[in-house]
Amino acid sequence: MNVSIKLSLPSDMTLISTIRQFVGQVVRERGFEEEAAHDVEIALSEALTNVVEHGYPPNPAHRVDVACDIDLDKCLLTLRDEGKVFDPLTAKIPPITEQRRERDFHLGTFYIKRCMDEIHYSSRGGVNTLVMTRFRHRPVRTPPQLARTKR
Amino acid sequence: MAKLAIEIGAKEANGQPITVLDVDGIIDGSTVIELEERFEQLKKEGRNRFIFDFKDLEYISSAGIGFFMKEADAAKEQRGALVLMHLSPRVNRIFELLDLLDFFHITDSESDALTKIAQAS
């Protein structure tokens, strides 16, 4: 049986872990294996953080809509917000090795790309939509190359 | 209920003091500031050898990973040491996803952590 969850949240960092845990639990109860469910949790947490931290000025009056649709093949996460545009596919983020000298890291986008199988971003009429797909059973793929960071 | 609890203890190796931080709960965008502030205070006290015990850490986000990357680099530059201990499989995977397992000193045993501290600092 398919499951659809729809949430409308204030732009509030303190809520993210609760939402992550809830969605993760639902995904596991729908039979996703641990690695897939963990990927969904991580990507959702990082994407929500991007919206709250970078998309909106600090004000919980702003909102972000989260949808999680689970079927036999996949889990689809959809985030909608009206903040600043931030496309994880095109955002210019330095490699991890270069970020080490900066005060703030931008690692969330790396996690989203590592965890999710498909990512789509659009911005129309002031509404930004991020759609991320994690397949229940992932085809064998070569993970995107990240700069190896050695001490 | 607090999402993050930090308990601070002390050990010793080769006559050198080591600060052990038992970090319980969740390190994410909403809790990392508290971790940063507590750690900054410890550094101001002159401490530079640290073991982080993650046995009760449920989750770490990219905000937490960034904090540890920065502090691991700083520890190396200041001839100190930073070791991460008792990572759960889920927390270990979060480091592994960004190929960071080799970047940090990570161990499952306290005696190994003390040895790594002695070697690094």
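So, which way does α2(A) pass α3(B), in a left-handed or a right-handed crossing? Keep that in mind while I set the scene. What we have here is a predicted model, with chains A and B side by side on the screen.

Let me start with the interface as a whole. On the chain A side, 32 residues are in contact with 30 residues of chain B. Together the two chains bury about 2,900 Å², and 49% of that is on carbon and sulfur atoms. Between chain A and chain B the salt bridge count is five.

Okay, back to the opening question. α2(A) covers residues 34-55 of chain A, and α3(B) covers residues 89-97 of chain B. Their axes come within 12 Å and cross at roughly 70°, so α2(A) is roughly perpendicular to α3(B). And the answer on handedness: the crossing is right-handed.

Who actually touches whom? From α2(A) we get Glu34(A), Glu35(A), His38(A), Asp39(A), Glu41(A) and Ile42(A). They meet Arg90(B), Arg93(B), Ile94(B) and Leu97(B) of α3(B). By class, that's six charged residues, three nonpolar and one polar. Have a look at Asp39(A) in there: Asp39(A) makes a salt bridge with Arg93(B), and the closest N and O atoms sit 2.7 Å apart.

Now, α3(B) has another partner in chain A, namely α4(A), residues 108-115. Here the axes are 10 Å apart and the angle is about 100°, which means that α4(A) is also roughly perpendicular to α3(B). The residues to click on are Tyr111(A), Arg114(A) and Cys115(A) from α4(A), against Ile94(B), Phe95(B), Glu96(B) and Leu97(B) from α3(B). This contact divides into five nonpolar, two charged and no polar residues. Ile94(B) and Leu97(B) turn up again here, having already met α2(A).

Last stop, inside chain A. What does α1(A) do against α2(A), run roughly parallel or roughly antiparallel? α1(A) is residues 16-29, and its axis comes within 9 Å of the α2(A) axis, crossing at roughly 155°. Anything over 145 counts as roughly antiparallel, so that's what α1(A) is to α2(A). This crossing is right-handed too.

The α1(A) side brings Ile16(A), Ile19(A), Arg20(A), Val23(A), Gly24(A), Val27(A) and Arg28(A). Among the α2(A) residues they meet are Ala37(A), Val40(A), Leu44(A), Leu48(A) and Val52(A). In total, nine nonpolar, four polar and four charged residues make up this contact. Glu34(A), His38(A) and Glu41(A) are in it as well, and those are residues we saw meeting α3(B).

That's my tour, thanks.

Technical notes. Residues are numbered from 1 along each chain as its sequence is written. Chains are lettered from A and ligands numbered from 1 in the order in which they are written. This is a predicted model: local features need pLDDT of at least 70, side-chain atom pairs count only at pLDDT 80 or more; totals for chains, interfaces and linings use all residues. Side-chain values use heavy atoms; hydrogens and water are left out. Axes are lines fitted to C-alpha atoms, for helices over the stretch in contact, and angles run from 0 to 180 degrees between N-to-C directions. Helices (H or I, at least four residues) and strands (E, at least two) are DSSP runs, numbered from the N terminus. Angles under 35 degrees count as roughly parallel, over 145 as roughly antiparallel, 65 to 115 as roughly perpendicular and the rest as oblique. A crossing is left-handed if the near helix is turned anticlockwise from the far one by less than a right angle, and right-handed if clockwise. Contact means heavy atoms within 4.5 Å. Ala, Val, Leu, Ile, Met, Phe, Trp, Tyr, Cys and Pro count as nonpolar, Asp, Glu, Lys and Arg as charged, and the others, Gly among them, as polar. Buried area is the accessible area (1.4 Å probe) that two parts lose on being put together, summed over both. A salt bridge is a side-chain nitrogen of Lys or Arg within 4 Å of a carboxyl oxygen of Asp or Glu.
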